[in-house]
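Please look at the model below. The report that follows covers a few of its strands and helices.

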Amino acid sequence: MSTLNVPGIAYGGDYNPEQWPEEVWHEDVRLMREAGVTMVSVNIFAWALIEPREGEYDFSRLDKILALLHENGIAADLATPTAAPPAWFFRAHPEALPVDKDGRTLSYGSRQTFCPSSPAYREAALRMAGELGRRYAGHPAVVMWHVHNEYGCHNGECHCDTSAAAFRLWLREKYDDDLAALNDAWGTTFWSQWYYDWDEIIPPRATGAVPNPTHQLDWRRFCSDALLSLLKAEREVLRGAAPEVPATTNFMVMYNFDKLDYWRWAPELDIVSNDHYLQSTDPESEIDIALSGDLVRSLAGGCPWLLMEHSTGAVNWQPVNRAKSAGELRRNALSHVARGADGIAYFQWRAAKAGAEQWHSAMLPHAGTDSQIWRDVVGLGADLKALAEVRGSTGTAEVAVVWDWDAWWAVELPSQPSEELRFQDLVRAWYEPLWRSGVAVDFVRPDADLSAYKLVLAPSLYLVDDEGAANLTGFAERGGTLAVGFHSGTVDENCHIRLGGYPGAFREALGVRTDEVFPLLPDESVELSGLGEGARGLLWSERVALRGAESVAAYASGPLAGVPAVTRHAYGTGTTWYVATRPDPEALASLLDRIREEAGVRPVRTTPSTVEAALRRGPEADYVFLINHGEAEAEVEVAPDAVDLLTGSTLTTGSLKLAAGDVAVVREPR
């Protein structure tokens, strides 16, 4: 990964000066300096202004903007504005408009209203990238290329005939031009779906019954790759013009986006960056921030990354868009830094007075500088300046959680034993107790190098290929601890069920065999024995038979009373666990505490339950982030020679008192 040529922790946001008269720009940069802003993203949605007619360019406005930023010591993350083609493009190329699965052609008039496989769009986007690259290569303000914006946010799938042709080419490459191999992989003998010609294959459009699951899964893979090819093409144009300038694009690792396989995308970026927004209905959205941050850091290979978009207050696109409470802006931002972010940025700098996002919060709100948001923005700028030495430090974890987009897509396909299965919910349920305990977590692919970990958790891995399964079970066989959640290992990479009993690929290593699953109704639960008084299983149960494992907990009510629900097995020189239900939160936390303690995993810092603890490790010191999400003061043990970087105080007593809602970043020399 490359480094960003901006000192300390970068700070800023999306800057859209084209929405304002030029006299406002000078006020903007003055206030940016007051707030401590060091970098802004520009030109993200300016295509129509830069290229008013095909092949005619007007860079005069952008020239002035970049010059003004540079004169004021503010770096530019210069975007290719290809997420929003102008109206003239679609008048000239209506075939580039996207088509939904019902066959409706969608109109332009918003953003990302293009087919990812459109040759006309690709040509126009690369032409724009080339013009920007040639003009601004070597510009002193430009420190990073921002390729496109939020790929797939609104056009993750297009079902038009152009996409169908591109899908067939992708399939021919994947299956080595062997149609028989595709028929075998897709199981097309079922429902007379056998293909005799590649041209018979279409996208999984709306149909009368349940579509073929492998067809749908390959379609999801293709759609991710189609957008990835656009990123790589623009990036190569920019690299050709300015190879020394790193390139990024903003991921959306957050609760409501699943269109792209970011394990495949991350290696294509010089610097990994992410957008993250809170869900208003989530009463503990700080857990989602931490999970997202840990996953983005893992996508970056453990390297620092950038938060490219967050909100200072309310967003504009949820049913109810709540403002942030006192201190929440600060806690949110520093939680991202705690999880490895070396830059904090917002959408956007100045709140828009017109357009679809006029009710989205900003660093400079509609109310101006006489506002709580502005005071918080200025305060955060001072905080990030105080944390400059944290830049470049990394996280350290003994626990890995398996995360796989193929498994996510597959488990949420139609005709599962339960439509209530949600990949993110299952992973978060296991992540949350670790977060509460202050245990550091990395996320990994099933085939990742696991040698650095003591404990690997696979909460939801319905789909796994032979290589991934062997890697995970081999980790346990060689002395590690592996815990697997229900309905995992069930199908191979083609969504074919592994015969012989569940949990399929993990049966031998777990020492169990299930012959039938018994999913529970949404309001149904079963009692569990062995996990504490009142423990209950939710969502799922199954008839588990022991094949070498021992029963740790059992169903105590329902049709499976007495059947093992949680098992433990000595496998090789390691240990495996199987959790064949979704224990209630308290029971699951108790179980995971036992599993990690047996595996020898210790928390970053023992804290009260309301205090989040995270660690970044530098070459000479550790940086312990402590965030009090509670309503009462909390006390946390620290090293006797520690310093709180945010206040500059030396903590000579060996403890830190943290006020309700407050944050401390403690430097402990190693």
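Along strand β24 (residues 634–637), which side chains point to one face and are buried, and which point to the other and are not? A634 and V636 are the buried ones, on one face, while E635 and E637 point to the other face and are not buried. Buried means under 20% relative accessible area, exposed over 50%, and partly exposed in between, with a 1.4 Å probe and protein chains only.

## Basis of the model

This is a predicted model, in which local features need pLDDT of at least 70 and side-chain atom pairs pLDDT 80 or more, while totals for chains, interfaces and linings use all residues. Residues are numbered from 1 along each chain as its sequence is written, and side-chain values use heavy atoms, without hydrogens and water.

Helices (H or I, at least four residues) and strands (E, at least two) are DSSP runs, numbered from the N terminus.

## The partner of β24

β24 and strand β27 (residues 655–658) run antiparallel and are joined by four bridges. Two strands pair if DSSP finds at least two bridges between them. V636 stands opposite L656 in β27.

## The open sheet

Nine strands form an open sheet with parallel pairing, in the order β5-β4-β3-β2-β1-β9-β8-β7-β6. β5 (247–248) and β6 (250–251) are at the edges with a single partner strand each, so one side of each has no neighbour in the sheet.

Within this sheet, β1 (residues 10–15) pairs with β2 (residues 39–42) in the parallel sense over four bridges. Y15 stands opposite V42 in β2.
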